[in-house]
Amino acid sequence: MGRPMRVDDLWFKSADRMFEVRLGGAALESMLELCRRAKRLETGGVLIGRYSSDHRVAHVDVATGPGSEAQAGETWLVRGVRGLQKLLDAFWIQERGYYVGEWHFHPGSDPSPSGRDVSQMRSIATSDCYHCPEPLLVIIGGDPNGAYSLHAEVHTRTGCRATLDASSKDAAAAHSSGAARFGDQE
Ligand SMILES: [Zn+2]
């Protein structure tokens with residue numbers, strides 16, 4: 001039952017610097033814990049946080065689990081919806097944040113989004129239900145106990161899709177702690 005080492009905040013940025021994300025260490029830690037528990041199955045949930053006043057930076061503070069009625073296989077996940085609105089309402093009322101996107105796990109494989117992942121994000125970006133015109137997608141791939149990597153991208157209501165790269169300073173820090181490995185880093 002070794003406590004996982006404390007995970008630091010990670011920063012991601014789009015090449016044009018239009019979008020920036022701070023993935024809070026506590027959120028990442030819960031994601032990794034859910035991945036460990038899911039073992040060889042996919043898991044995931046929603047990301048809760050807030051935007052900077054200029055809307056350029058998304059701060060992700062909480063990552064939820066998939067919900068009790070979720071179903072998952074090795075390469076697919078249908079997350080639950082029943083408890084989600086209640087949870088988001090509670091966060092909203094307590095001014096603790098709101099829906100900023102989705103995350104899920106690709107067990108034992110790379111974190112590149114599938115065609116289905118991309119079309120799902122497109123429909124969330126244009127849906128009125130989520131009130132989120134620029135949802136974020138974070139995917140963890142690999143082994144949550146060892147070498148894992150992260151992918152982050154933002155979708156816009158107008159159909160744009162921007163990949164966010166881990167900013168090098170923090171990627172280097174993650175390397176030195178041995179906790180994370182980043183795809184597409186030099
Ligand atoms: Zn996926």
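**Notebook: helix 3 and the barrel**

I started with helix 3 and found Met121, Ile124 and Ala125 buried there. For me, buried means 20 or more other C-beta atoms within 10 Å of the residue's own, exposed means 12 or fewer, and partly exposed is in between, with C-beta atoms placed from the backbone. Those three cover an arc of only 100° around the axis, which puts them on the same side of helix 3; the arc is that of the directions from the helix axis to the C-beta atoms. On the other side of helix 3 I noted Gly115, Arg116, Ser119 and Ser123 as exposed.

Before going on, I noted that this is a predicted model, where local features need pLDDT of at least 70, side-chain atom pairs count only at pLDDT 80 or more, and totals for chains, interfaces and linings use all residues. Residues are numbered from 1 along each chain as its sequence is written.

Next I checked the length of helix 3. Its 12 residues (115-126) should span 16 Å at 1.5 Å a residue, and the end C-alpha atoms are 17 Å apart, which agrees. The expected span is 1.5 Å times one less than the number of residues.

What covers the buried residues of helix 3? I found strand 7 (98-107), strand 8 (136-142) and strand 9 (148-155) among the elements that do.

Then I looked at the whole fold. The protein chain has 4 helices and 10 strands, taken as DSSP runs numbered from the N terminus (helices H or I, at least four residues; strands E, at least two). I traced a closed barrel of 8 strands in the order 1-2-4-3-7-8-9-10, with mixed pairing. Two strands pair if DSSP finds at least two bridges between them. Strand 9 and strand 10 (residues 161-166) run antiparallel, joined by 4 bridges. Along that pair, valine 154 stands opposite alanine 162 in strand 10.

Last, the core. I counted buried Ala, Val, Leu, Ile, Met, Phe, Trp, Tyr and Cys residues joined through C-beta atoms within 7 Å as a nonpolar core. The largest one has 36 residues, and Val21, Leu23, Met31, Leu47, Leu136 and Val138 touch the most other members. Helix 1 (residues 25-38) gives the most to this core, with 6 residues.

I picked leucine 136 for a closer look. Leaving aside its neighbours within four places in sequence, leucine 136 is in contact with Val21, Leu47, Ala58, Val100, Gly101, Ala152 and Val154. Contact here means C-beta atoms, placed from the backbone, within 7 Å.

Notes
Two residues are in contact if their C-beta atoms, placed from the backbone, lie within 7 Å.
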